[in-house]
Amino acid sequence: MPEDLNWAIGGEAGDGIDSTGKIFAQALSRAGRHVFTSKDFASRIRGGYTAYKVRTAVDRVESVVDRLDVLIALTERTIDENMNELHEGSVIIYDGERTTMQNVEIPDEMIGLEVPLKRLAEEAGGAIMANVVALGAACEVTGFPIENLDESLEKRFGDKGEAIVENNKKAARAGQEFVQAEYDHDYGYSLETTDNDYVLLNGDEAIGMGAIAAGCRFYSGYPITPATDVMEYMTGRVDQFGGKVVQAEDELAAINMALGAARAGARAMTATSGPGIDLMTETFGLVATTETPLVICDVMRSGPSTGMPTKQEQGDLNMALYGGHGEIPRFVVTPTNISECFWKTVEAFNLAEKYQTPVFLVSDLALAVTEQTFAPETFDMDEVEIERGKVVDEDDIDGWQNEKEQFQPHFPSADGVSPRTFPGTSGGAHMTTGLEHDALGRRTEDTEVREEQVEKRERKVETAREQEDWDYREFGDPDADTLVVSWGSNEGAMREGLEMLADEGLDVRFISVPYIFPRPDLSEEIEAAEQTIVVECNATGQFADVIEHDVLERVDRVNKYDGVRFKADELAEEIKDAVAEETEVSA
Amino acid sequence: MSSDIRFTDFKSDKQPTWCPGCGDFGTMNGMMKALAETGNDPDNTFVVAGIGCSGKIGTYMHSYALHGVHGRALPVGIGVKLANPDLEVMVAGGDGDGYSIGAGHFIHAVRRNVDMTYVVMDNRIYGLTKGQASPTSREDFETSTSPDGPNQPPVNPKALALSAGATFIAQSFSSNSQRHAQLVQEAIEHDGFGFVNVYSPCVTFNDVDTYDYFRDTIQDLEETDHDETDADQAKDKILDGDKEYMGVLYRDDDSVPFDEREGFDQNMSEIPDGAPEGAMDLVREFY
Ligand SMILES: Cc1ncc(C[n+]2csc(CCOP(=O)(O)OP(=O)(O)O)c2C)c(N)n1
Ligand code: SF4
């Protein structure tokens, strides 16, 4: 396990928890340390417990763990909420002077640091800087050189003027000096800096960045947690590259606008979450049958219905695979970590255009709201390739016209992929419809033509199945008896879990799958293992069902559906239990 | 654009399956005439259609076209136009399509004021599903799903449009072919969202709102001193429950369409082979 520190700031929504946490996370990242952040938040704007957690180490960190070493508690509830993660020697920084926390009792085995956050902030220029005083105090406790905070403060407050930035720097130092002067503990932490060069971003931002890199010019959406960040990211940025974001009146409009833009030749995308995906489902079939390339991103959250909007779940897999009436050819791509959010988005656009098929890009809340550090070259833009598929222009249009010089947008070619003309292309005018149609795009109920078109659309998927790499990522011991399979954001927790298990003598082979349809064939891998365990954040094991269907064999399941992502140590424990159970059964 | 384009160039070789006498024949012919008259050709025209007898229009026309799902034609048209402003975009549908299932999109398309044309074939009935009440059906109009009449007042789409900030509202009648074509043409030429409600009688299921009824009641605004740039006069005409009017009810020539305001001026279909120039700056932002 890496030498890591788990830090958090918690309080009421509206207390500036997020921005304070982010200042600290950014400071660590710029100081060359790896960072992995997570958020506890409720679906409220003001009031209600909220926390921003930062895990940091010199080595990479891939997940959260069940441990909290330093906590800035702005409310008593923050301490209660995190009690089971706090441990002997955990440090709790709080203001015992001006808050309701005068009488708070810090358990004996922990270190309570009472710091007059508000008073010191006022002395530095304003009570509003209380959180920054706390950050200064945290620097002292963790041994993190306070100069590293400065740049982060400049980034955060630069717009507000030099004086504000200077006051904040002063506030941070006041916190640090107070702890230095008043307390004399050996906290045992020293957050060293390195020369490494990192960027810090979350999954939604990575999806938005991937879309722009892939040439997406048109984004239409309707705000919904946790997909809104994709839209907010693209707003303003895509304009610099000739694109636009449109906030539609609802998800029905959002997907239909994106469809229209895609038909006009733009690379287009919409992103939403559960309830919005439901609304888009009718049009999803239209996208598929008109053979329009479109990327539809679902950032999953807890369902059903409005469920728990700010909580994690991977419950929409069945919907992505089977949603919509009739049979809909589609691709389902599922990034497994934040850098994959970028790369799989790029790939989603290429798949959509090469095969003129809707692509479901299915991410989840844990990826969306988590920030992680990466070397900038992880997102090397020179590596981005754009493939637009069979686009036909004026010069080669006659090859795709019938004897009456009519363009055939649904020509049943051998690979199932049709020619495509962008409107404006002379000689290419054609109609597409949600009704079953012939090669010209005209309505038909002719039995043979119907079969031909159904088969043609399916053939695209077969072609893609053969031509593309539907690979998986593999970690751990390739020869282990225990095989763990997961999709989506569980990859990080499992990767760290592997090391914990190995330390305890349990070797595990771990396969993380970024494609659900088409997907890699895992028969051999499952055959080779004595036990297969499928890990996912849902109650019924939707991915496990799919795998069982593929290999005609029972697999074991580790499911979590309490709304919280897997933590590395917790997941390791669950895997250990599942292995023990299997051993018992077979004994 | 070539001036030798005739309205028949917008005709597909597919024979319409509308009932003989359906108002939609006249509506469509007028649309094709207006497109040709305004200098468009099939390759720069995109017609989006809704679902209903009315929605079949895209099939019988020759242009770039999409026939979508019920009620969602407007957002598709908006997407097409914003992604390629060089195209002439026309959206067509029925009163059920536009004012019932698609009512939300209608209001928002009006207030968004994208430079395109919306033609609604208003027959005050659901034709394709064989004669149920539509949102514009009269309160006492008996249908298979409303044996005693819908028992609720019809929506007034022109009032909805006016209150939502429409910049062009016209009322047309499919059987008055010249006038109808002229009104669609004005809608196309309007800089912004051109909305034309067309009385387009259903001869099979609606025996109340017939050709005769409209012919007898309709008054052409050209024969009055209606000032179409005056919103108050427009409001009076639109809310007048005793009369059916034909003509441009309202136009605001000073408003700037959404696409222009928001700077949608590029054809978005052209993109480079790789990430755009300067894309690495997007990564650097995350330092
Ligand atoms: C979601 C959905 N609901 C219902 C239908 C069935 N449907 C088809 S057309 C139509 C009504 C059409 O009425 P209108 O728009 O007035 O067009 P008309 O046929 O009269 O021209 C309905 C309800 C459908 N296709 N899709
Ligand atoms: S049912 Fe009515 S609207 Fe439909 S085609 Fe026949 S006449 Fe026209």
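**Entry 1: B:Thr27**

I take a helix to be a DSSP run of H or I with at least four residues, numbered from the N terminus. With that settled, I placed B:Thr27 in helix 1 of chain B, which covers residues 23-37. The model I am reading is predicted, and I keep that in mind throughout.

Is B:Thr27 buried or exposed? I found a relative accessible area of 0% for B:Thr27, and since buried means under 20%, I count this residue as buried. Setting aside residues up to four places away in sequence, I listed what B:Thr27 touches: B:Val119, B:Met121, B:Ser174, B:His180, B:Val198 and B:Ser200. The side chain of B:Thr27 also reaches the backbone oxygen of B:Gly23, at 3.1 Å. I then looked up B:Val184, which is 157 residues from B:Thr27 in sequence, and found the two C-alpha atoms 9.4 Å apart in space.

**Entry 2: ligand 1**

I turned next to ligand 1, which lies between chains A and B. I counted 17 residues around ligand 1, and the closest of them are B:Cys53, B:Ser54, B:Gly96, B:Asp97 and B:Gly127. Which element gives the most residues to the shell around ligand 1? I found that helix 4 of chain B, residues 95-101, does so with four residues. By class, I sorted the shell around ligand 1 into six nonpolar, eight polar and three charged residues.

For the polar contacts I noted which atoms take part on the protein side. At B:Ser54 a polar side-chain atom lies 2.9 Å from an oxygen atom of ligand 1. At B:Gly127 I found instead a backbone N or O atom, 2.8 Å from an oxygen atom of ligand 1, and at B:Leu128 likewise a backbone N or O atom, 2.9 Å from an oxygen atom of the ligand. Ligand 1 taken alone exposes 590 Å², of which the protein buries 76%.

**Entry 3: ligand 2**

Around ligand 2 I listed B:Trp18, B:Cys19, B:Cys22, B:Cys53, B:Asn123, B:Cys202, B:Val203, B:Thr204 and B:Phe205. I note that B:Cys53 stands in this list and is also named among the closest residues to ligand 1. The shell around ligand 2 divides into seven nonpolar and two polar residues, with no charged residue in it.

**Entry 4: the nonpolar cores**

As general background, nonpolar side chains in soluble globular proteins tend to be buried together. In this model I looked up the largest nonpolar core, which has 88 residues, and asked which members touch the most others: they are A:Phe218, A:Phe360, A:Phe543, A:Ile547, B:Ile169 and B:Phe195. The largest share of this core comes from helix 9 of chain A, residues 251-263, with eight residues. Another core lies apart from it and has 58 residues, including A:Val199, A:Ala227, A:Val230 and A:Ala464.

I followed A:Phe360 further and, leaving out residues up to four places away in sequence, found that A:Phe360 touches A:Ile277, A:Phe284, A:Ile296, A:Met319, A:Ala320, A:Arg330, A:Phe331, A:Val332 and A:Val333.

**Entry 5: A:Asn6**

I found A:Asn6 in strand 1 of chain A, residues 4-12, and recorded this residue as buried, with a relative accessible area of 5%. Beyond its neighbours within four places in sequence, A:Asn6 is in contact with A:Val54, A:Arg55, A:Val65, A:Arg67, A:Leu68, A:Asp69 and A:Val70.

**Entry 6: backbone geometry in chain A**

Where does A:Pro304 lie? I found A:Pro304 in the loop between strand 11 (294-300) and helix 11 (317-322) of chain A, and the peptide bond leading to this proline from A:Gly303 is cis, with omega near 0°. A cis peptide bond also joins A:Phe517 and A:Pro518, where omega is about -20°; A:Pro518 belongs to the loop between strand 19 (515-517) and helix 16 (523-528) of chain A.

I also checked for positive phi at residues that are not glycine. A:Glu291 has a phi of about 55° and lies in the loop between helix 10 (274-289) and strand 11 of chain A. A:Glu405 has a phi of about 60°, and I placed this residue in the loop between strand 14 (371-374) and strand 15 (431-433) of chain A. On accessibility, I recorded A:Glu291 as buried, at a relative accessible area of 2%, whereas A:Glu405 is exposed, at 61%.

How values were computed. Residues numbered from 1 in each chain as written. Chains lettered and ligands numbered in written order. Predicted model: local features only at pLDDT ≥ 70, side-chain atom pairs only at ≥ 80, totals over all residues. Heavy atoms only, no water. Near = heavy atom within 4 Å. Polar contact = N/O pair within 3.5 Å; in protein donor to acceptor, adjacent residues only side chain to side chain. Areas by Shrake-Rupley, 256 points an atom, 1.4 Å probe, with all protein chains shown as cover. Helix = DSSP H or I, 4+ residues; strand = E, 2+ residues; numbered from the N terminus. Nonpolar A, V, L, I, M, F, W, Y, C, P; charged D, E, K, R; others polar. Core = buried A, V, L, I, M, F, W, Y, C linked by side-chain atoms within 4.5 Å. Buried < 20%, exposed > 50% of the residue type's maximum accessible area, 1.4 Å probe, protein only. Contact = heavy atoms within 4.5 Å.
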